[in-house]
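Please open the model in your viewer and keep the selection panel at hand. The stops below can be followed in order, each with something to select and something to look for.

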Amino acid sequence: MTGTPDVLVVGGGHNGLVAAAYLAKAGLKPLVLERRKVVGGAAVTEEIHPGFRCSTLAHSGGPLLPRIAADLDLASHGLKTLRPEVRVLALSPEGKHLPLYDDPARTATALGRHSEKDARKYGEFHASLGRIGKMAAPVLSMAPPDLDRTEAGEVWQLLKLGKDFRGLPRRDAYRLLRWGPMAVADLVAEWFETDLLRAAIAARGVYGMLGGPWSAGTGANLLVQAAFEPHSAGPASFVAGGMGALTSALADAARSAGAEIRTGVEVSRIDVRDGKAVGVVLANGERIPARAVVSNADPRRTFLNLLEPTELDPDFSNRIRNYRSSGAVGKVNLALSRLPKFRGLDGDAPAMLAGRIHVGPEIDYLERAFDAAKYGEFSPHPWCDVTIPTVLDPSLAPAGAHVMSVTAQYAPERLREGDWNGRREAFGDAVVKTLAAYAPDLESSILARQVLTPKDLEDVYGLTGGHIFHGEQALDQIFTMRPLLGWARYRTPIAGLYLCGAGTHPGGRVTGGPGANAAREIAADLRRRA
Amino acid sequence: AAVTEEVFPGFQFSVCSYVVSLLRPEIIRELDLPRHGLEILPLDGTFTPMPNGDYLWRVNDHYKTRREIARHSRLDAEAYDEYGKAMIEMGRFVKPILSMTPADPTSRDWKGFLDLLRLGKRFRDLSPGDRYNQVQLMSMSAVDFLDQWFETDVLKATMSASGIIGTFLGVRSPGTAYVLLHHYMGEIDGAFRSWGFARGGTGAISNAIADAAREAGVEIRVKSPIAKILTKNGKATGVALASGEEIFARVVCSSVDPRLTFLKMMDPKELPDDFVEDIERYKFRGSSGKVNLALDGLPEFKSLPGAGAHLRGAISISPSVDYMERAYDDAKYGQVSRRPYIDMVIPSLTDPSVAPPGKHVMSCFVQYAPYNLKGDWDEQREAFGDTVVETISEHAPNLKSIIRHRQVLTPLDLEREFGLSEGNIFQGELTLEQLFFLRPAPGWAQYATPLRNLYMCGSATHPGGGIMGAPGRNAALKLLGDWKKGKVRA
């Protein structure tokens with residue numbers, strides 16, 4: 001790159017890369033600074049054992065907003081999406097598993113073996129969620145409106161949204177209003193009686209959260225997800241080559257649009273003069289000046305670690321300190337010598353195992369898993385969201401071998417007894433033991449095991465508090481309140497400093513939404529100032 | 001549920017509701033209740049004994065409370081001032097909403113739209129700090145909310161207790177911060193956050209209101225249980241009593257909960273299917289029970305012995321946040337809390353008329369006692385009573401020796417005797433999806449019902465439960481408005 005960059009992007013996670021790509025397309029010169037040797041942040045593919053590659057953290061797409069994939073022409077940069085026919089396989093301890101297919105009619109048929117009533121209602125649920133999701137989807141690409149200074153264009157956008165809301169069938173409109181504040185356990189109980197189905201759908205409401213299915217407001221997570229992916233079974237968007245392939249396609253797209261990316265450089269401080277961000281200082285002392293700085297790091301890290309405390313109003317700092325970002329998720333990645341045999345699945349594997357495998361057969365199971373976390377313990381029987389990416393993408397492991405990626409919940413950041421370094425393997429054992437109840441030969445097929453605790457998520461991936469979404473996605477921390485009410489438009493109290501990470505609207509998961517929205521706001525500001 | 005009964009000879013109990021604070025001041029004024037015999041005696045403070053021999057004792061005197069909190073944490077004593085101020089601001093914002101007919105956001109007419117805009121504007125007029133607090137209050141858990149202000153565990157536990165009363169939620173459940181505010185809005189003589197007893201028990205409030213009603217021209221008939229609401233051509237025309245007597249009227253206004261009104265007192269076929277579905281899934285889930293004790297003396301607390309002023313206020317068994325949450329965990333899986341949260345009062349100390357000389361009545365509100373029990377409430381009633389006595393005895397060991405009589409009310413008893421479905425003391429849970437324009441059912445939160453000339457005026461309508469009177473007043477105003485507009489036609 002020649003000359004001073006216009007915008008420094010602190011952190012090369014998927015949102016940082018999306019922001020950089022859009023900024024470059026807008027004619028600006030962005031420079032991405034990534035601490036690790038690889039870009040991608042929480043969406044990376046790493047070798048966990050010689051010859052075994054795994055999406056070490058996030059293992060499926062949010063999914064990425066289709067408009068971003070189109071705008072950045074990711075297909076030409078090598079992105080290949082894999083779609084399994086079975087989106088979710090909910091495992092039952094008795095071997096009476098429930099597959100949730102891509103095709104809802106097939107799901108209804110499968111449900112018929114569990115409950116006639118649920119088989120009938122599933123279609124209506126699927127359709128209703130789809131309509132609500134479609135209506136709400138434009139919200140994802142909006143900068144949350146400012147209550148005091150609403151711009152004309154936004155008023156129009158909001159009016160249109162209001163009109164779309166009124167355009168919903170009245171039943172759906174009420175559902176949208178009721179479901180948000182509800183406990184997801186209540187929501188699914190209103191529709192279905194099959195425990196497996198209830199649990200598989202309810203789990204989507206608590207993913208990544210320090211909350212259980214009985215926690216009020218978990219219904220909102222289901223709605224937010226419906227906006228990203230209207231399918232009732234939830235996202236099942238995989239990438240050939242693992243999640244790292246998605247972020248390297250994003251990096252490629254950013255570079256070809258004119259962005260520069262430097263890896264292995266750690267930003268130690270954002271340089272602020274007279275209340276304005278003028279660049280960054282690296283850990284090695286190097287200063288890089290720029291017209292604006294955008295942080296892909298989480299809000300706590302950005303404001304409490306990368307800025308001098310004196311740069312911020314104490315009230316603001318206090319609120320950031322109260323921003324809840326205590327993680328609840330751990331990760332166990334396994335290199336397997338063979339595909340494990342799941343009880344009750346003899347003939348149907350491996351097609352049944354191509355999507356997400358849900359281990360958490362009942363609402364009470366999920367809630368009990370959460371109970372442990374409330375008292376500072378990891379769940380003895382965690383809820384596990386499992387993928388075996390090698391079923392669809394054998395290139396990730398040697399021939400005949402597999403990788404298994406397990407997102408296990410709950411692993412609370414703050415343990416009451418001991419610390420995570422001392423408890424890491426005990427947690428890994430709890431996860432493996434939980435899965436072995438469904439696949440008895442699992443333990444004997446493990447060649448290597450990687451266990452990532454919330455502490456590791458913080459230390460290695462820079463997620464403060466180990467929160468995979470850069471902060472809890474509860475009713476008081478979403479939309480106009482993400483990260484804080486009054487500061488949800490990607491701007492910060494420091495002029496020239498922006499946020500573009502999952503700690504901004506529309507929040508966590510690999511969707512690119514925050515990065516794209518932030519880039520649009522930044523480009524508009526810089527154009528105004530130029 | 002606001003009645004005083006002589007359960008045991010000489011001992012008068014406010015059998016269900018036991019303290020008063022939420023009764024709307026405009027109702028006291030407009031109905032001139034003091035003239036009809038309402039007298040409210042102050043309930044001073046909350047005493048929380050702790051297992052380590054210490055205690056937390058908050059009183060109405062702000063400076064005393066501040067000193068007491070400072071004994072536990074200096075920082076918390078300072079935060080307590082700030083917190084009080086913030087809550088009063090929040091209360092100011094929410095209070096007018098209590099007397100409002102909820103706007104319907106899906107309504108196609110302009111009025112509904114304007115109502116919503118007006119509400120939005122009021123929110124917009126708040127200072128940024130108050131907006132932030134308001135949003136948090138509406139969505140957070142009581143403990144998460146309090147964590148931002150305080151560090152003393154016992155203080156947070158006791159304060160968070162008001163967030164769970166009457167709900168099937170724990171202190172860490174999102175949505176409970178709102179209930180915290182609901183209770184903070186208690187108001188007596190215009191003084192915020194003060195609670196009291198009615199002289200003669202809670203029944204005295206009902207009696208004063210009944211008196212005022214009679215004077216205004218209302219006829220009241222007791223011992224006349226209603227069997228059916230009579231309907232004709234999609235309109236309510238009157239009621240049939242259990243005795244078979246039929247009474248016809250232009251309007252029927254139901255103060256019982258929606259399950260009784262729509263599913264028991266009429267044929268659901270008279271109502272739209274969607275509405276019936278909504279009423280069927282309206283959540284009650286009673287979570288509390290009541291233990292009333294007739295005592296030969298006063299309980300002696302290990303942490304603060306003697307018959308001091310601490311016994312004149314509320315006594316709260318809420319020693320830690322984890323204690324409160326574990327109590328909830330038991331209930332989630334269908335069990336009585338092994339160690340429940342208990343809120344006790346001894347009204348005979350303030351109003352000696354309710355017990356024989358030297359004797360006392362003690363009323364214990366207990367949570368959690370889940371209506372949906374794994375097991376049978378009739379078989380577990382006494383075990384539940386034992387758990388409560390056992391729990392209190394850990395703090396006041398002399399209790400067992402001074403109990404003369406014991407009355408145990410389970411959620412099932414509340415349902416059977418007081419007509420509260422599933423024993424919910426608020427006629428339905430106060431959770432966000434059952435508040436405001438969603439209470440009791442979306443589209444039917446404006447006191448009218450799908451059946452013409454049938455109205456609702458109970459706690460299952462906005463703004464919900466507590467001895468508040470607001471639903472009744474709001475419903476009456478709405479009905480009068482409809483009447484004037486000629487909408488109520490026979």
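The tour goes from whole chains to sheets, then to a pair of helices, and ends where the chains touch.

Before selecting anything, bear in mind that this is a predicted model, and that each feature below is to be read as a feature of that prediction.

**Whole chains**

Begin by selecting chain A, which holds 17 helices and 19 strands. Its radius of gyration is 22 Å, close to the 24 Å that the globule rule gives for 530 residues, so chain A is as compact as a globular protein of that length. If you draw a box along the principal axes, the C-alpha atoms of chain A fill roughly 65 × 55 × 50 Å.

Now switch to chain B, where the count is 16 helices and 18 strands. Here the radius of gyration is 22 Å, close to the 23 Å expected from the globule rule for 490 residues, and chain B is therefore as compact as a globular protein of that length. The box taken along the principal axes for the C-alpha atoms of chain B is roughly 65 × 55 × 50 Å.

**The parallel sheet of chain A**

Return to chain A and select strands S9, S2, S1, S13 and S19, which in that order form an open sheet of five strands with parallel pairing. At the edges you will find strand S9 (260–263) and strand S19 (497–499) of chain A, each of which pairs on one side only. Going from one strand to the next, the twist averages 20°.

Inside this sheet, zoom in on strand S1 (residues 7–10) and strand S13 (residues 292–295) of chain A, which run parallel and are joined by four bridges. A useful pair to label is Val10(A), which stands opposite Ser295(A) in S13(A).

Next add helix H1 (residues 14–25) of chain A, which lies across S1, strand S2 (30–34) and S13 of that chain, and which runs at about 165° to S2(A).

**The antiparallel sheet of chain A**

Then select strands S10, S11 and S12 of chain A, an open sheet of three strands in that order, with antiparallel pairing. Its edge strands are strand S10 (267–273) and strand S12 (287–289) of chain A, each pairing on one side only, and the twist averages 30° from one strand to the next. Between S10(A) and strand S11 (residues 276–282) of chain A, which run antiparallel, there are six bridges. Label Arg269(A) here, and you will see that this residue stands opposite Val281(A) in S11(A).

**A pair of packed helices**

How do helix H7 (residues 184–191) and helix H8 (residues 195–206) of chain A pack? Their angle is about 150°, and their axes are 9 Å apart. Because angles over 145 degrees count as roughly antiparallel, H7(A) is roughly antiparallel to H8(A). The crossing in which H7(A) passes H8(A) is right-handed.

To display the contact, show Val184(A), Ala185(A), Val188(A) and Ala189(A) from H7(A), together with Arg198(A), Ile201(A), Ala202(A), Gly205(A) and Val206(A) from H8(A). Coloured by character, the residues of this contact divide into seven nonpolar, one polar and one charged.

**Where the chains touch**

Finally, show both chains: 28 residues of chain A are in contact with 30 residues of chain B. On the side of chain A, the elements that give two or more residues are helix H6 (170–179), helix H12 (314–322) and helix H13 (363–374). Which of the elements gives the largest share of that side? The largest share, six residues, comes from H6(A). The residues of the side of chain A that touches chain B divide into 13 nonpolar, four polar and eleven charged.

How values were computed. Residues are numbered from 1 along each chain as its sequence is written. Chains are lettered from A and ligands numbered from 1 in the order in which they are written. This is a predicted model: local features need pLDDT of at least 70, side-chain atom pairs count only at pLDDT 80 or more; totals for chains, interfaces and linings use all residues. Two strands pair if DSSP finds at least two bridges between them. Axes are lines fitted to C-alpha atoms, for helices over the stretch in contact, and angles run from 0 to 180 degrees between N-to-C directions. Two residues are in contact if their C-beta atoms, placed from the backbone, lie within 7 Å. Angles under 35 degrees count as roughly parallel, over 145 as roughly antiparallel, 65 to 115 as roughly perpendicular and the rest as oblique. A crossing is left-handed if the near helix is turned anticlockwise from the far one by less than a right angle, and right-handed if clockwise. Ala, Val, Leu, Ile, Met, Phe, Trp, Tyr, Cys and Pro count as nonpolar, Asp, Glu, Lys and Arg as charged, and the others, Gly among them, as polar. The radius of gyration is taken over C-alpha atoms; the globule rule is 2.2 Å times the number of residues to the power 0.38.
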